Amino acid sequence: MRTATIARKTHETDIAVAVNLDGTGAYDVSTGIGFLDHMIEQFSRHSLIDITCHIKGDLHVDQHHTTEDSAIAIGQAIAEALGDKGGIGRYGEAHSAMDEALSRVVLDISGRPHLTWKAAFTQERLGEMDTELFEHWFHSIAQAVGITLHIELLYGSNNHHICEGIYKGFARAMRQAVELDPRKQGAVPSTKGQLGG
């Protein structure tokens, strides 16, 4: 089983995360930020990566540390569960429609972290969550896993639809990228013989 557990405690957050890359999309998420819970749940359900994510954060300060550290811990767990990345698809892409909004997510689990973000929100908050933190969440998870990640909003007007569509697109692209391809017979998908490191 490609699984990993991460426990991470700082002066800002106390996090326990577990992932199963070969799961069914089961989740148990509690970050203290309702909309962030909803997005991580969408990521789990549509990627089929089982995720447990419990966080106690310094929300009396703001949401930045909790949001950032949730992405770091989930990313570290995914990276650990991937091991040497032998046999994975490596690449993933998805167009994700949610009502009037359409987004495109393309990624490569390359070991070279990068985020290109071409999306914007017209509201400062969704629920109680600061919308400026969504870009930071994706930057943090790309760094932690080692993903070259391109996210682009093609069009859309409803901020909830835009955000949820992006998370679902990321989930579907990650599902493609982490799934094992039996034709690769466990080989690392790189002519260098390794990804990252």
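1. Helix 1 and its strands. Helix 1, residues 34-47, lies across strand 3 and strand 4. Its direction is at about 160 degrees to that of strand 3. The model is predicted, so read every point below as a statement about a predicted model.

2. The sheet under helix 1. Strand 3 and strand 4 belong to an open sheet of four strands. The strand order is 1-2-4-3, and the pairing is mixed. Strand 1 (3-9) and strand 3 (27-30) are the edge strands. Each of these two pairs on one side only. On average, neighbouring strands of this sheet are turned by 5 degrees against each other, direction ignored.

3. The pairing of strand 3 with strand 4. Strand 4 covers residues 50-57. Strand 3 and strand 4 run parallel and are joined by four bridges. To find this pairing on screen, start from Asp 28: its bridge partner in strand 4 is Thr 52.

4. A second sheet. Another open sheet of four strands has the order 5-6-10-7, again with mixed pairing. Strand 5 (91-98) and strand 7 (114-118) stand at its edges. Each has a single partner strand, so one side of each is left without a neighbour in the sheet. Here the average turn between neighbouring strands is 10 degrees, direction ignored.

5. The pairing of strand 5 with strand 6. Strand 6 spans residues 101-108. Strand 5 and strand 6 run antiparallel, with eight bridges between them. Glu 93 stands opposite Val 106 of strand 6.

6. Helix 3 on the second sheet. Helix 3, residues 132-145, packs on this sheet. Helix 3 touches strand 7 and strand 10 (148-155). The directions of helix 3 and strand 7 make an angle of about 160 degrees.

7. Helix 4 on the second sheet. Helix 4 lies across strand 5, strand 6, strand 7 and strand 10. Helix 4 runs at about 150 degrees to strand 5. Helix 4 is mostly covered, with 16 of its 20 residues buried.

8. Length and start of helix 4. Does the length of helix 4 agree or disagree with the span expected at 1.5 Å a residue? The 20 residues should span 28 Å, and the end C-alpha atoms are 29 Å apart, which agrees. At the N-terminal end, Asn 158 acts as the cap. A side-chain oxygen of Asn 158 lies 3.0 Å from the backbone nitrogen of His 160.

9. His 161. This residue is found in helix 4, which covers residues 159-178. Is His 161 buried or exposed? His 161 has a relative accessible area of 16%, and the cut-off for buried is under 20%, so His 161 is buried. Leaving aside residues up to four places away in sequence, His 161 touches Met 98, Asp 99, Glu 100 and Ala 101.

10. Cysteines. How many disulfides does a search of the whole structure find? The search finds zero. Cys 53 is in no disulfide, and the nearest cysteine sulfur, that of Cys 163, is 16 Å away. Cys 163 is likewise in no disulfide; the nearest cysteine sulfur to it is that of Cys 53, at 16 Å. A disulfide needs two cysteine sulfur atoms within 2.5 Å, so a pair 16 Å apart does not count.

11. Burial of the cysteines. Cys 53 is buried, because its relative accessibility is 0%. Cys 163 also counts as buried, at 1% relative accessibility.

Key: Residues numbered from 1 in each chain as written. Predicted model: local features only at pLDDT ≥ 70, side-chain atom pairs only at ≥ 80, totals over all residues. Heavy atoms only, no water. Pairing = 2+ DSSP bridges. Axes fitted to C-alpha atoms, helices over the stretch in contact; angles between N-to-C directions. Contact = heavy atoms within 4.5 Å. Buried < 20%, exposed > 50% of the residue type's maximum accessible area, 1.4 Å probe, protein only. Expected span 1.5 Å × (residues − 1). Polar contact = N/O pair within 3.5 Å; in protein donor to acceptor, adjacent residues only side chain to side chain.
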